[in-house]
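Me: I've got a two-chain model open and some labels I'd like justified. Can you take them one at a time?

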Amino acid sequence: MAVCIAVIGKDNSPKYIRCVNDADELKFHYKVHTAIDIIEEKLNLGNKIANDVRELFLGMLYSTEDYKIYGYAANTKIKFVIILKSSNATLRDNEVRMIFRKLHAAYSNAVCNPFYTPGDQIRSNSFDSSVMSMMGII
Amino acid sequence: MKHQFVDPKSSSGNKGEADECLFEYLHAEIVNYVLTTSVNTGEKEEDLSRLESMGFSVGYRIIERLTREWPRFKDELDTIKFICTDFWTSLYQKQIDNLRTNHHGTYMLQDNSFRLLASIGGNGSKQYLRESPRLLAFTCGLLRGSLANLGIPCTVDAEVAALPSCKFNVYVQRI
């Protein structure tokens, strides 16, 4: 299961970050924000080449000794990042894609809440619980 | 905008979440409400900014849902085309009839029978021409909000020459 799930806004500001251990949050903040460079690179490459992959799922961005980092960018310039443990071999690309789909659905539900101001951090219990279930915490 | 009626035939058998006529009635009531509560300065211009900002907020949220299963847009024109076809269809059950652009950030979207105007007069009737801008303010905001969320900051205005056709002008802000 994922060790960290993050949502990054249009302007690359963190909207939401949740990890298995709250103590590791800062470490994952760095990892997630390192990934943004690669996301931007992939997105801009798409503008030059016409017949590029136009899928929202960006695949694995990079892997380190300990972690594999996956990215997904919506049409609305919202980025999702999922960090898996490198030792985790059970999750295939396709399953990660499904998690991103679910995450995107949960996110758009959170945005559709009329009390949410666009651009704010996400503080929604239902979004929280759906992320937790994606990570297998609850 | 005293009495609006909806043709029952037009609102049957499609995939919206709630029946469309509900939106039309609610929209009509919102327009009424905003006009009665806005401070009337005695000028000719009515204050439609609240309608517009409501539309912005709705458009911003709607686009998050509509583009969920959509491949990434190539460029600005691709995005505007999406607005003209799928976005418009999901809101007003028809596509934009005519799209024009000067390729420098100005787009003109023409709808020959705009849903919210169709019920107050047809065939170029001039009777409610003066009142019709208040029915368009919400949609202007809707366009602005959805484009803003897609990363295209713009201003939108609307003009009516003859009911029920209208034009929406989108001016993209270049930085």
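Reply: Sure, starting with the interface: about 1,900 Å² is buried between chain A and chain B, with carbon and sulfur atoms giving 47% of that. Buried area here is the accessible area (1.4 Å probe) that two parts lose on being put together, summed over both. Keep in mind that this is a predicted model, where local features need pLDDT of at least 70, side-chain atom pairs count only at pLDDT 80 or more, and totals for chains, interfaces and linings use all residues. Residues are numbered from 1 along each chain as written, chains are lettered from A in the order written, and side-chain values use heavy atoms, without hydrogens or water.

Me: What makes Glu69(B) and Arg101(A) a salt bridge?

Reply: The rule wants a side-chain nitrogen of Lys or Arg within 4 Å of a carboxyl oxygen of Asp or Glu. Their side chains meet at 3.9 Å, N to O, so the pair qualifies. The rule finds 1 salt bridge across this interface.

Me: Which element gives the largest share of the side of chain A that touches chain B?

Reply: That's α2(A), with 8 residues; helices are DSSP runs of H or I, at least four residues long.

Me: How do you know that Phe168(B) touches Leu143(B)?

Reply: Contact means heavy atoms within 4.5 Å, and Leu143(B) is among the residues Phe168(B) touches, not counting those up to four places away in sequence.

Me: Where does pLDDT stay under 50 in chain B?

Reply: Over residues 1-14. pLDDT is the predictor's confidence in each residue, from 0 to 100. Chain B averages 81.

Conventions
Helices (H or I, at least four residues) and strands (E, at least two) are DSSP runs, numbered from the N terminus.
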